[in-house]
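Q: Could you take one part of this model and walk me through it closely? I'd like to hear how it sits among its neighbours, and then how it fits with the rest of the chain.

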Amino acid sequence: MDSQSFSGTICSRHYVSPSSMLDSDQSNRRRDGIVLGKKSSFARKQDKQGLTITHVASPFPAIVPSVEKEIVPDLNHVAWTSVRQERWEGELVVQGEIPLWLKGTYLRNGPGLWHIEDYNFRHLFDGYATLVKLHFENGRLIAGHRQIESEAYKAAKKNKKICFREFSEVPKHENFMAYVGDLAKLFSGASLTDNANTGVVKLGDGRVVCLTETQKGSLIIDPNSLETLGRFEYSDKLGGLIHSAHPTVTETEFLTLLPDLVNPGYLVVRMEPGTNERKLIGRVNCRGGPAPGWVHSFPVTEHYVIVPEMPLRYCAQNLLRAEPTPLYKFEWHPESKAYLHVMCKASGKIVASVEVPLYVTFHFINAYEEEDEDGRVTAIIADCCEHNADTTILDKLRLQSLRSFNGEDVLPDARVGRFTIPLDGSTYGKLESALDPDEHGRGMDMCSINPANLGKKYRYAYACGAQRPCHFPNTLTKLDFVKKKAKNWHDKGAVPSEPFFVARPGAIEEDDGIVISLISEKNGSGYALLLDGSTFEEIARAKLPYGLPYGLHGCWVPKI
């Protein structure tokens, strides 16, 4: 096994010899296009090191719909290789001990199929969505994955070609008139994809929705079977074609931003649990540029919504192009400057609008209200995974680049960018590093926090960092904003997905819980990983029958 290193604290890595693991190819048989597994059996045994392996089980019957041909992985890293089959479910061997309090389902969404027939997609964000689940109960772990059945995915399978506009891909037109017809559909939104391959959220009413940048790409799924149940239809008349891929969701509300591409600005909206109707809180007009800045995510505090206006702006010309530019649907406008706007949730009033240094971010981490000794709010602090105002990170996510790593250190630097937005009427805000970027290898993205601290002052965050040389974030890192230190987990050659924090019920300490991540290994394998949220040491892992593609964002559905 590869060595595992940590900065800050050295943490031991417990593992089980490969001979003690189950081979899914040996335990399955194919009949009529469906892979069936052997009957499950349980035992407790020890590996040669004397470590206990709990809940040794052969997989549940694997579920695979009949397909014309099985997807055969290529020689690329499994993280960047299309998923092997449309659907699978089974119980995994657990090495270590899963806490008995961990009861529920972790769902992870992300692109998982990057080709149709012999045509290979260009960009990581183009892939058709693969939803993965890890169900924890009584110390056992049942895993599964399934393709999200969007109209875009179903049409591509039926017609054996791309039929909707993806992040960088557009349908190939047989003639000029077909191209003109596609442009007409673009303006109505009919040709935009509903490939919900970005995030997944549990609404306050219990419904689980997969999301992407397009509003039509909001699809309801069953968190148990992973079945696609249908489109989440918004019942209001707010209109628009796109929204933030990362709404802020709590048990009591759903907040999101709707960019206005015609009259550049953003609508800030709220939706209550049990409804499909978004209601307008207020509007922010852009202060610069020909179009709104990209709003993949945004932060909130207890009383305010922070609306980012990046100089990486939507570009209508790039939307119309048949071939992508290096910035795809966007354009870099440094001359338009960068801003942050603060809106009161209750009144919709803009209480601050400040210019800040140029920045590029996909993901905000958290925000909170800074108070003086009398309890008056004097500023907003907002943290994000900031790429040093370097837009090349978008093009680094081309699949060709991800699949051709030759050992060179080509990952652009990133940091935890901390914005300070004064509420005293000042014109300017500040942007600085929340801690030394070398603490996390100058790589930073894919973050999570204890949800109890959403919008509040917090100390810890979990994210993906870097151990260089690398071309993509390859560590899991725990950030301590008080000590300004980081602990980093690394498995040589592996690609970890977003670390997701689940708090222990009744916990008092902010980091008392479990961090879950899915790991894609360089040898084509993969495993589910559990780290202690406090010590950041490994407490359990479970090997998957085969490695899964890299995924993006997840959510937790507790067992009631």
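A: Let's zoom in on strand β25 and its partners, then step out to the aromatic pairs and another strand.

Bear in mind that this is a predicted model. For a bit of context, the protein chain has 6 helices and 40 strands, and 59% of its 560 residues are buried.

Strand β25 covers residues 338-344, and 7 of its 7 residues are buried. In a regular strand, side chains alternate between the two faces of the sheet. Here A338, L340, V342 and C344 point one way, while Y339, H341 and M343 point the other, and all are buried. With a cut-off of under 20% relative accessible area for "buried", you can look along either side of β25 and find covered residues.

Now for its neighbours. One is strand β22 (residues 304-309), which pairs with β25 in the antiparallel sense over 6 bridges. To find the register, start at Y304, which stands opposite C344 of β25. Another partner is strand β26 (residues 350-356), also antiparallel to β25 and joined to it by 6 bridges. Here a handy starting point is M343, whose bridge partner in β26 is I350. β25 and β26 make a hairpin with 5 residues between the strands, and in that hairpin G348 takes a positive phi near 80 degrees.

Moving on to the aromatics, F330 sits in strand β24 (residues 330-332). F330 pairs with F167, with the ring centres 6.4 Å apart and 50 degrees between the planes, a tilted arrangement. F167 lies in the loop between α2 (151-159) and α3 (176-188), so the pair ties together parts that are 163 residues apart in sequence. F330 has 3% relative accessibility, so it counts as buried; F167, at 14%, counts as buried too. F167 also has a charged neighbour: K329 lies over its face, at 5.6 Å from the ring centre.

These two rings have company. Ring pairs link F125, F167, W294, Y314, Y328, F330 and F362 into a cluster. Elsewhere, another lysine is placed over a ring: the charged end of K478 sits over Y460, 4.4 Å from the ring centre.

In total, the structure holds 22 aromatic pairs. Y106 and F500 form one with centres 5.5 Å apart and planes at 40 degrees, so this pair is tilted. Y106 belongs to strand β8 and F500 to strand β36 (residues 500-503), and the two residues are 394 apart along the chain. Both Y106 and F500 are buried.

That brings us to the other strand. β8 (residues 104-109) pairs with β40 in the antiparallel sense over 6 bridges, and the bridge partner of N109 in β40 is H553. In β40 (residues 553-558), 5 of the 6 residues are buried, so this strand is largely enclosed by the rest of the structure.

Stepping back to the whole chain, take the contacts between residues at least 6 apart in sequence: 62% of them join residues at least 24 apart. The F167 and F330 pair, at 163 residues apart, is one link between distant parts that you can pick out by eye. As for the outside, the accessible surface comes to about 23,000 Å², and 51% of it belongs to carbon and sulfur atoms.

Methods: Residues numbered from 1 in each chain as written. Predicted model: local features only at pLDDT ≥ 70, side-chain atom pairs only at ≥ 80, totals over all residues. Heavy atoms only, no water. Buried < 20%, exposed > 50% of the residue type's maximum accessible area, 1.4 Å probe, protein only. Helix = DSSP H or I, 4+ residues; strand = E, 2+ residues; numbered from the N terminus. Pairing = 2+ DSSP bridges. Contact = heavy atoms within 4.5 Å. Areas by Shrake-Rupley, 256 points an atom, 1.4 Å probe, with all protein chains shown as cover. Phe/Tyr/Trp six-rings, centres within 6.5 Å; stacked < 30°, edge-to-face > 60°. Lys NZ or Arg CZ within 6 Å of the ring centre and 35° of its normal.
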